[in-house]
Amino acid sequence: MSLMTTETARVAILVDDMFFTAKINGAAAECGRQIERIRSREQLEGFLANPPSLVLIDLNSDRLDPMETIGFFKSSAELSAIPIVSFVSHVQTDLIRAAQAAGCDYVLPRSAFTQMLAQIVSGNLAFIRAKA
């Protein structure tokens, strides 16, 4: 079951790369989702009152620490059920393991993330399980 059930479901993204941000924005526009870029710790704390439906994290982000961001969501009773999908180069195995240990629900290679982006943003996370 997807948590994204309304036309205005928000997707929070921690993505610095403008190429991936543009791809995510395009996919979100196609399926009627709103994107909210995560820019600060204060903004993360604001999600406690108004949670997103999905979180997308580039594990190479320099804006905020991706592992701390994953931990913030997974340690909060209000936010822990929100699915987190992260992406990274397939050769960065230490980052992949660290994200999984932090509680990230899905860690994908960049290429797979790009291929499945429309399904991910629309909330079809079962599609990820089927491809894994």
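**Exercise 1. The sheet**

What is the order of the strands in the open sheet, and which pairing do they show?

*Solution.* This is a predicted model, in which local features need pLDDT of at least 70 and side-chain atom pairs count only at pLDDT 80 or more, while totals for chains, interfaces and linings use all residues. Residues are numbered from 1 along each chain as its sequence is written, and side-chain values use heavy atoms, with hydrogens and water left out.

Begin with the elements themselves: helices (H or I, at least four residues) and strands (E, at least two) are DSSP runs, numbered from the N terminus, and two strands pair if DSSP finds at least two bridges between them. On that basis the open sheet has 5 strands in the order 2-1-3-4-5, with parallel pairing. Its edges are formed by strand 2 (34-37) and strand 5 (106-109), each of which pairs on one side only. Neighbouring strands of this sheet are turned against each other by 25 degrees on average, direction ignored.

**Exercise 2. Strand 3 and its partners**

Work out how strand 3 is paired, and whether its residues are buried or exposed.

*Solution.* Take the pairing first. Strand 3 (residues 54-58) pairs in the parallel sense with strand 1 (residues 10-14) over 4 bridges, and valine 55 of strand 3 is the bridge partner of alanine 12. Strand 3 also pairs with strand 4 (residues 84-88), in the parallel sense and over 4 bridges; here isoleucine 57 has serine 86 as its bridge partner, and aspartate 58 has phenylalanine 87.

Turn next to accessibility, where buried means under 20% relative accessible area, exposed over 50%, and partly exposed in between (1.4 Å probe, protein chains only). Strand 3 is mostly covered, since 5 of its 5 residues are buried. Leu54, Leu56 and Asp58 point one way from the strand, whereas Val55 and Ile57 point the other way.

**Exercise 3. Helix 3, the sheet and helix 4**

Describe how helix 3 packs on the sheet and against helix 4.

*Solution.* Contact means heavy atoms within 4.5 Å, while axes are lines fitted to C-alpha atoms, for helices over the stretch in contact, and angles run from 0 to 180 degrees between N-to-C directions. Helix 3 packs on the sheet and touches strand 1, strand 3 and strand 4, its direction making about 165 degrees with that of strand 3.

For the second partner, helix 3 (residues 66-75) and helix 4 (residues 93-102) pack at an angle of about 20 degrees, with their axes 9 Å apart. Angles under 35 degrees count as roughly parallel, over 145 as roughly antiparallel, 65 to 115 as roughly perpendicular and the rest as oblique; helix 3 and helix 4 are therefore roughly parallel to each other. At this contact, Met67, Ile70, Gly71 and Lys74 in helix 3 meet Leu95, Ala98, Ala99 and Ala102 in helix 4.

**Exercise 4. A residue of strand 2**

Which residues, leaving aside neighbours within four places in sequence, is isoleucine 35 in contact with?

*Solution.* Isoleucine 35 is found in strand 2 and, at 24% relative accessibility, counts as partly exposed. Beyond those sequence neighbours, isoleucine 35 is in contact with Val11, Ile13, Ile24, Asn25 and Ala28. For asparagine 25, the C-alpha to C-alpha separation from isoleucine 35 is 6.7 Å in space, with the two residues 10 residues apart in sequence.
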